[in-house]
Amino acid sequence: MQFTLRQMELFLAVCETGSITAAAHREHIAQSAVSTAIQNLEAVLGVTLFVRSHAVGVFPTPTARELLPHVRSLLAQATAIEQYGANNAVSLTGTVPVGILVTIAPIMMAPLIKAVESRYPTARLQCLEGDQDQLIGSLRRGEISLALTYDIAIPDDLTFWPIARIPPRVLISASDPLAQVGSLSVTELVDRPFVLLDLPGSADYFLSLFAAEGLEPRIAYRSRNIEVVRSLVAQGLGYSIVNLHALGPFPETAAIAIVPLGGSRHVLSLGSMVVAGQRPGPAALAVQDQVVAWVEKTIYSQDGNESGES
């Protein structure tokens, strides 16, 4: 059984405010992040913690009310431990090795390095890029204490801390007539040439979107490089599916349209993967805080406050 102190903090915030919206405001995070944390906590504990009413708000169940004093006690003890650490910790300095999924790196690495090193001038962020299998291996070998990735095929000896839900999107040539529609389904895409991002874990996820509908896409090209995938799409050689898409001035951006993939129930979470039972040190936690800030500023502000959900 694995849960996080952050999930407990958000559980307490919802109990005390009686609202997902109010809890999100109090904790300075998006509503969807609060909802995801509560859903994950309920899944871990195997219980229902809140009765949800769209008209009124949320109400703690009897189970939640029984749990509440234990959560308050746990958080009080955690605060005492953190204060002890703060009183004895050295300032954040030196090289901070962090893993980052190769598909996320082109989008997130530069702003993350800038944010961390601006806030902590004596620290240097060292981002180790890799696919999901490589990140898992680096965590197990102790080369990194935290990996920024999606919740794809997380093994039992590692724990995933969700930060934001990222629904799948279709990359398609801007000149394609389908680029003008509001959303696309896998049924509409299945007979078209598919450019598959062929990375461990990622490929299985993208193919599962079709398999869930009893379909098999027509794979025209495969690449392990997200920029090759984007280039093929920009040239009109097929469509692709991604989750976190490029936000910056990439050369082919103008030639690509990004269309929501409608009807998908399998929404990935962006977050940090750590060794189970091993709390990352202050440096890794500082990096995670910057990732949360980047998500709040970039993803949610780009697509709206509920952009992480479909």
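What follows is a conversation about the helices, strands and sheets of a predicted model.

Reader: To start with the overview, how many helices and strands does the chain have?

Author: In this predicted model, the secondary structure of the chain comes to 10 helices and 12 strands. Of its 310 residues, 47% count as buried.

Reader: And what share of the contacts comes from residues 24 or more positions apart?

Author: If we take the contacts in the chain with a separation of 6 or more, residues 24 or more positions apart account for 74% of them.

Reader: Okay, on to the helices. How do the axes of helix 1 and helix 3 cross?

Author: Helix 1, which covers residues 5-17, and helix 3, which covers residues 31-45, have axes that come within 9 Å and cross at roughly 110°. Angles from 65 to 115 degrees count as roughly perpendicular, so helix 1 is roughly perpendicular to helix 3.

Reader: Which residues make that contact?

Author: On the side of helix 1 they are Gln 7, Met 8, Leu 10, Phe 11 and Val 14, while helix 3 brings Ala 33, Val 34, Ala 37, Ile 38, Asn 40 and Leu 41. Sorted by class, the contact between these two helices has nine nonpolar residues, two polar ones and no charged ones.

Reader: Now the strands: do strand 3 and strand 4 run parallel or antiparallel?

Author: They run parallel, and eight bridges join strand 3, residues 94-101, to strand 4, residues 123-130. Within this pair, Gly 99 of strand 3 stands opposite Leu 128 in strand 4.

Reader: What does the chain pass through from strand 3 to strand 4?

Author: The chain crosses through helix 5, residues 105-119, before it arrives at strand 4, and this β-α-β crossover is right-handed.

Reader: Different topic: what is the strand order in the open sheet of three strands?

Author: The order is 10-7-11, and the pairing is antiparallel. Strand 10 (240-242) and strand 11 (256-260) are the edge strands, each of which pairs on one side only. From one strand to the next, the twist averages 35°.

Reader: How many bridges join strand 7 to strand 11?

Author: There are five bridges between strand 11 and strand 7, the latter made of residues 169-173, and the two strands run antiparallel. In this pairing, Val 170 stands opposite Val 259 in strand 11.

Reader: Last one, which helix lies across those strands?

Author: That is helix 9, residues 226-234, which lies across strand 7, strand 10 and strand 11 and runs at about 50° to strand 7.

Technical notes. Residues are numbered from 1 along each chain as its sequence is written. This is a predicted model: local features need pLDDT of at least 70, side-chain atom pairs count only at pLDDT 80 or more; totals for chains, interfaces and linings use all residues. Side-chain values use heavy atoms; hydrogens and water are left out. Two strands pair if DSSP finds at least two bridges between them. Helices (H or I, at least four residues) and strands (E, at least two) are DSSP runs, numbered from the N terminus. Axes are lines fitted to C-alpha atoms, for helices over the stretch in contact, and angles run from 0 to 180 degrees between N-to-C directions. Contact means heavy atoms within 4.5 Å. Angles under 35 degrees count as roughly parallel, over 145 as roughly antiparallel, 65 to 115 as roughly perpendicular and the rest as oblique. Ala, Val, Leu, Ile, Met, Phe, Trp, Tyr, Cys and Pro count as nonpolar, Asp, Glu, Lys and Arg as charged, and the others, Gly among them, as polar. A crossover is right-handed if, with the strands pointing away from the viewer, the path from the first strand over the helix to the second runs clockwise. Buried means under 20% relative accessible area, exposed over 50%, partly exposed in between (1.4 Å probe, protein chains only).
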